[in-house]
Amino acid sequence: MQYIELTREKHIVGADRSSIKMCLKWPSRMGCHHVVDEQFAPNTLGVYKPKVGEQLLHRFLPHVSEAVGKKLWPVNSFARLVYKGGELRMHYDRPGLDWTLSINIWRDHSWTIEVHDDDGNWHSFEDLGDRAVLMNGRKQWHRRQPFKGREAYQLFLHYSEQPGFEGDPEFKLDYKPFFPKPPKAPVAQSYKVVDCLSDFELEKCLKDSMALTLEAGTMTREGLDTSVRKSEIAFVGHLPEWRWLSDRLAMTAREANDWGIDASGINGVQYTTYGPGSFFNMHNDRAEGTDDRRSLSISALIRNADEGGEFEIDGFGKIPMKPGQAIVFPAWVKHRVHNIEAGYRDSAVMWLENS
Ligand SMILES: [Fe+2]
Ligand SMILES: [Fe+2]
């Protein structure tokens, strides 16, 4: 998180500010249209790629690159009009939006952005008149409390550390391949354990999972057979408040995918709780001989059982894992979860699919 002073060559002239306000107030006159986001930004209106915003996006590119110390690619601009009570709920940004320059166009009351920093605390920053806030919104959770003023006009300029995200005005890329790799010959038996969730995110998962309706897990072919599997699950991939987890699991799995497996699609996210006496016998995730396209599996450990509940990969034995870590493996590799003797084991599982 840092500030960029909008002075001299980095100046935004009054006409630019007026134009952004016009786009938000009378979008049809300015060739734009409104978008709303009731889930994450209630009581606000947005406009994608306002004309002046796109000009400023390119004008600021060298300054933002210099501040970050990396080559960056412009992605898009986004303007937002916030009414009294409008807020920005806790989130982090979608793939491709690595760096955001947040510029205050006009507002009649202060409105700080709160960022959850590496030290585990929330810190407040304000993008005042000529001081823009530059943040790595892709890595840091952020939010704004309900706005107490009458109106606030904001402009966001988004930059990526990789090419390929420009020309993508909305959320088209969210669940699409963003680390495409050429397919190689599949590896028969393999796995990787990688870091996936922070302590803060683990707590959030446990807290949010209280609101889920869990039901008995089934196998694709066998249906409900408690001799194969006993655990409680909920599919969460379609729930907006869990979307960040789909995004994180997909990204983690694709980054760990050294096998060159085609994992461009996704097939649901499952939140699973194993209580005492629960288990999942040896199986693989890809139902061979069907049109199942599951190619890569990821299982993130959210809570470890007090006793038992170890994850085993066929041929490698029990794999020690800590909460926050995820195990990634080709979907055809056999695995199991040992019987839980005491306590509860929570995990989030996602399958990625070939195209
Ligand atoms: Fe954001
Ligand atoms: Fe499995």
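Reader: Which strand is Asn43 found in?

Author: Happy to start there: Asn43 belongs to strand 3, which covers residues 41-48. Please keep in mind that this is a predicted model.

Reader: Why is Asn43 called partly exposed?

Author: Asn43 has 15 other C-beta atoms within 10 Å. A buried residue needs 20 or more, and an exposed one has 12 or fewer. The count of 15 lies in between, so Asn43 is partly exposed.

Reader: What makes the phi of Asn43 worth pointing out?

Author: Most residues other than glycine have a negative phi. Asn43 is not a glycine, yet its phi is positive, near 65°. Lys49 is another such residue, with a positive phi of about 50°.

Reader: Where does Lys49 lie, and why is Lys49 called partly exposed?

Author: Lys49 sits in the loop between strand 3 and helix 2 (51-68). Around Lys49 there are 16 other C-beta atoms within 10 Å. That is in between the cut-offs of 12 and 20, so partly exposed is the right term here too.

Reader: How do you know that strand 7 and strand 8 pair?

Author: At least two bridges are required for a pair, and four join strand 7 (residues 113-116) to strand 8. These strands therefore count as paired, and they run antiparallel. Val115, for instance, stands opposite His123 in strand 8.

Reader: What makes strand 5 and strand 8 edge strands?

Author: The open sheet has four strands, in the order 5-10-7-8, with antiparallel pairing. Strand 5 (88-91) and strand 8 (122-125) each have a single partner strand, so one side of each lacks a neighbour in the sheet. From one strand to the next, the twist averages 25°.

Key
Residues numbered from 1 in each chain as written. Chains lettered and ligands numbered in written order. Predicted model: local features only at pLDDT ≥ 70, side-chain atom pairs only at ≥ 80, totals over all residues. Helix = DSSP H or I, 4+ residues; strand = E, 2+ residues; numbered from the N terminus. Axes fitted to C-alpha atoms, helices over the stretch in contact; angles between N-to-C directions.
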